[in-house]
Structures are given as structure tokens and as C-alpha cells.
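Open the model in your viewer and keep the selection tool at hand. This tour goes stop by stop, saying what to select and what is there.

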Amino acid sequence: MIGERIKELRKSKKMSQSELGKFIGVSQTTVTAWENGRAEPSSSYVTKLATFFNVSTDYLLGRDPREDDLKTADLADDDTIFTFEGKLIPEQDLEYMKRLLRGGRK
């Protein structure tokens, strides 16, 4: 699982195995071994990879959050109360956020 995640993240950044290796301090053959499942990174490299890719170590290790732990809401949902840092988001700000997400269209 971790090898698949490393490969997916590396490709999303359009990096070669060699480039990734240089960034985190291992050889290209080590990255290849991780991605092919012949070896696994040590905990210190898991941390470096997570930091580099800006993901959690749990994500790298395949421990995705349970579905009931995910908190999502649709901005178009009129039955949802949206807050930020414990404060209600005013309706005009929600409308502004919607416009931004639509690319400026109303």
C-alpha cells in the first residue's frame, strides 16, 4: 500500500524516482524498491515523505480515515449551518465563497 501511495504522489508532482530520492536523501533504487513493494521505508523516511508530499503518515500507510470521521458539507445545501473557528459564516460570505469556487461566475 505505501509503495502505491508513494508512486501516486510522486507522479502527481511529475517527479522521477531519482528526483524524489534526492529530495529525501535516498537513492533512486531505494525509491524503486519502495514503489514495487520490495522494501518499506523506515519510520523516519515515512515522516519525511509525508512532510514532502504534505499528507499524513496515516495516508501514506493506507490508514485512511473512516468514512464516518470525514466531515463534509455542500455549500449549496441550505440545511447546513457553516462555521469557521466556531463563528457562524455570514450568508454574504458563503455567497462570495461559492462565486470564488465557480471561478467568479454567479
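## Stop 1: helix α3

Select Thr-32, which lies in helix α3, residues 28–36. Helices here are DSSP runs of H or I, at least four residues long, numbered from the N terminus. This is a predicted model: local features need pLDDT of at least 70, side-chain atom pairs count only at pLDDT 80 or more, and totals for chains, interfaces and linings use all residues. Residues are numbered from 1 along each chain as its sequence is written, and side-chain values use heavy atoms, with hydrogens and water left out.

Is Thr-32 buried or exposed? Thr-32 counts as buried because its relative accessibility is 17%. Buried means under 20% relative accessible area, exposed means over 50%, and partly exposed is in between (1.4 Å probe, protein chains only).

Now show the contacts of Thr-32. Leaving aside neighbours within four places in sequence, Thr-32 is in contact with Gln-17 and Arg-38. Contact means heavy atoms within 4.5 Å.

Widen the selection to the buried residues of α3: Val-31, Thr-32, Ala-33, Trp-34 and Glu-35. What covers them includes α1 (2–12), α2 (17–24) and α4 (43–53). Then step just past the end of α3 to Gly-37, which takes a positive phi of about 80 degrees.

## Stop 2: Trp-34 and its ring partner

Select Trp-34. Its relative accessible area is 4%, so Trp-34 is buried. Not counting residues up to four places away in sequence, Trp-34 touches Gly-3, Ile-6, Ile-24, Val-26, Ala-39, Glu-40, Pro-41, Tyr-45 and Leu-49.

Look at the rings next. The whole structure holds three aromatic pairs. Rings of Phe, Tyr and Trp (its six-membered ring) pair if their centres lie within 6.5 Å; planes under 30 degrees apart count as stacked, over 60 as edge-to-face and the rest as tilted. Trp-34 and Tyr-45 have ring centres 5.8 Å apart and planes at 50 degrees, so this pair is tilted. The pair links distant parts of the chain: Trp-34 is in helix α3 and Tyr-45 in helix α4, 11 residues apart. Tyr-45 is partly exposed because its relative accessible area is 22%.

## Stop 3: the phenylalanines

Select Phe-52 and Phe-53. Their pair is edge-to-face, at 5.0 Å centre to centre and 75 degrees between the planes. Phe-52 counts as partly exposed, at 25% relative accessibility. Phe-53 counts as buried, at 7%. Add Phe-23 to the selection: Phe-23, Phe-52 and Phe-53 form one aromatic cluster.

Which residue lies over the face of Phe-52? Lys-13 does, at 5.4 Å from the ring centre. A charge sits over a ring if NZ of Lys or CZ of Arg is within 6 Å of the ring centre and within 35 degrees of the ring normal. For another case, select Arg-5, whose charged end sits over the ring of Tyr-59, 4.0 Å from its centre.

## Stop 4: Ile-24 and the core

Select Ile-24, found in helix α2. Ile-24 counts as buried, at 5% relative accessibility. Leaving aside neighbours within four places in sequence, Ile-24 is in contact with Trp-34, Tyr-45, Lys-48, Leu-49 and Phe-52. For a long view, draw a line from Ile-24 to Pro-90: their C-alpha atoms are separated by 44 Å, and the two are 66 residues apart along the chain.

Now colour the core. The largest nonpolar core has 14 residues, and those with the most contacts inside it are Ile-6, Leu-20, Ile-24, Trp-34, Leu-49 and Leu-60. A nonpolar core is a set of buried Ala, Val, Leu, Ile, Met, Phe, Trp, Tyr and Cys residues joined through side-chain atoms within 4.5 Å. The elements giving two or more residues to this core are α1, α2, α3 and α4. The largest share, four residues, comes from α4.

## Stop 5: salt bridges

How many salt bridges does the structure hold? It holds three. A salt bridge is a side-chain nitrogen of Lys or Arg within 4 Å of a carboxyl oxygen of Asp or Glu.

- Select Glu-35 and Arg-10: their closest N and O atoms are 2.6 Å apart. This pair links distant parts of the chain, helix α3 and helix α1, 25 residues apart. Glu-35 is buried at 10% relative accessible area, and Arg-10 is buried at 7%.
- Select Asp-58 and Arg-63: their side chains meet at 3.5 Å, N to O. Asp-58 is partly exposed at 35%, whereas Arg-63 is exposed at 53%.
- Select Glu-95 and Lys-98: their closest N and O atoms are 3.3 Å apart. Both lie in helix α6 (residues 91–101), three residues apart, about one turn of the helix.
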